[in-house]
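Here are a few exercises to work through with the model open beside you. Try each one before you read its solution.

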Amino acid sequence: MPKPKTAEIGKKIIYLQEVSSTNEYAKKIASEMPEGTVVIAKKQTKGKGRKNRRWASPEGGLWLSVILKPDVEAKDIPKIVFVGALAVVDTLAEFGIEAGIKWPNDVWVDNKKICGILTEGRLGEFVILGIGLNVNNDIPSELIGSATSMRLLLGRELNLDKVLWTLLGNLERWYKLIQERKFSIVMSAVKDKCFILGRWVEVINDESKVEGEVIDIAEDGTLIIQTSKGLMKIFYGDISLRLR
Ligand code: ADP
């Protein structure tokens with residue numbers, strides 16, 4: 001395995017053959033573990049997305065969770081999801097794949113999802129940054145039209161350790177900016193990489209269903225949409241692109 005190049009993220013790595021969910025495992029040990037500890041599993045039996053939706057995690061993919069203890073105000077914690085998204089986009093670029101961020105928590109290539117990110121935590125204690133990246137794993141048949149992997153895009157098997165260390169290096173770089181409270185650098189990178197900016201979308205969340213044009217991502221990470229009823233600030237939701 002290549003030598004770790006990171007100072008904090010991945011200084012300690014817990015490798016598991018199989019686990020229900022790396023996020024669940026990481027949550028249980030987070031209090032006793034140093035910041036930057038990574039939990040990684042060959043496969044997850046109950047990988048999850050938001051709202052406990054199933055995240056397919058067969059062998060060959062990168063399924064990991066990073067334990068973070070950010071020294072920032074509660075209002076800045078939601079930005080940690082972008083650390084994951086930006087690090088994945090940079091990692092893919094290093095392997096020759098151009099990817100974009102689908103606000104708030106996915107990375108897509110050519111209209112297909114290649115990576116999902118799930119942050120969970122306990123306020124004032126820790127944040128778990130969970131990343132599921134399709135690398136060499138097979139894509140389940142029901143997701144063939146909507147998901148892709150590095151192997152599918154590049155037509156070859158990747159060295160999973162190499163992808164892992166590239167990702168950890170990029171996570172460290174973006175996370176450092178959060179710790180240093182350089183949020184505007186992070187947010188302008190997010191805007192640069194977010195392919196739904198300027199697009200017509202439908203956003204569904206627990207409170208509402210809204211349609212309109214995405215005109216901005218605010219400094220606090222929220223999505224600004226121009227709807228027929230005026231500007232709306234969206235804190236969370238499921239986004240689908242719409243043709244107009
Ligand atoms: P989103 O942020 O796109 O709403 P979620 O965080 O809810 O996604 O992730 C779960 C969804 O992602 C599932 O409902 C499924 O459609 C899709 N999915 C599950 N596993 C994978 C995978 N390995 N690769 C790409 N997409 C997946």
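**Exercise 1: an unusual loop**

Pro104 sits in the loop that links β4 (100–102) and β5 (106–109); strands here are DSSP E runs of at least two residues and helices H or I runs of at least four, numbered from the N terminus. This is a predicted model, where local features need pLDDT of at least 70, side-chain atom pairs count only at pLDDT 80 or more, and totals for chains, interfaces and linings use all residues. Residues are numbered from 1 along each chain as its sequence is written, and side-chain values use heavy atoms, leaving out hydrogens and water.

Task: is the peptide bond from Trp103 to Pro104 cis or trans?

Solution: Check omega for that bond; it's near 0°, making the bond cis. For another backbone oddity, go to the loop between β2 (38–44) and β3 (62–68), where you'll find Lys51. Lys51 isn't a glycine, yet its phi is positive, about 55°.

**Exercise 2: the ligand**

Task: which atoms of Arg53, Ala56 and Asn105 pair up with the ligand?

Solution: Look for polar contacts (N or O pairs within 3.5 Å).
- Step 1: an N or O atom in the Arg53 side chain is 2.6 Å from a ligand oxygen.
- Step 2: Ala56 uses a polar backbone atom, 2.9 Å from a ligand nitrogen.
- Step 3: the Asn105 side chain has an N or O atom 3.1 Å from a ligand oxygen.
- Step 4: now the area: the ligand alone exposes 570 Å², and the protein buries 83% of that (Shrake-Rupley, 1.4 Å probe).
- Step 5: sort the shell residues, and you get 4 nonpolar, 3 polar and 6 charged (Asp, Glu, Lys and Arg count as charged; Ala, Val, Leu, Ile, Met, Phe, Trp, Tyr, Cys and Pro as nonpolar; the others, Gly among them, as polar).

**Exercise 3: helix packing**

Task: how does α2 pack on α5?

Solution: Fit lines to the C-alpha atoms over the stretch in contact, and take angles from 0 to 180 degrees between N-to-C directions. For α2 (residues 80–94) and α5 (residues 183–193), the angle is about 55° and the axes are 10 Å apart. So α2 is oblique to α5 (under 35 degrees is roughly parallel, over 145 roughly antiparallel, 65 to 115 roughly perpendicular, the rest oblique).

Note on methods:
A polar contact is a pair of N or O atoms within 3.5 Å; within protein, one must be able to donate a hydrogen and the other to accept it, and residues adjacent in sequence count only if both atoms are side-chain atoms.
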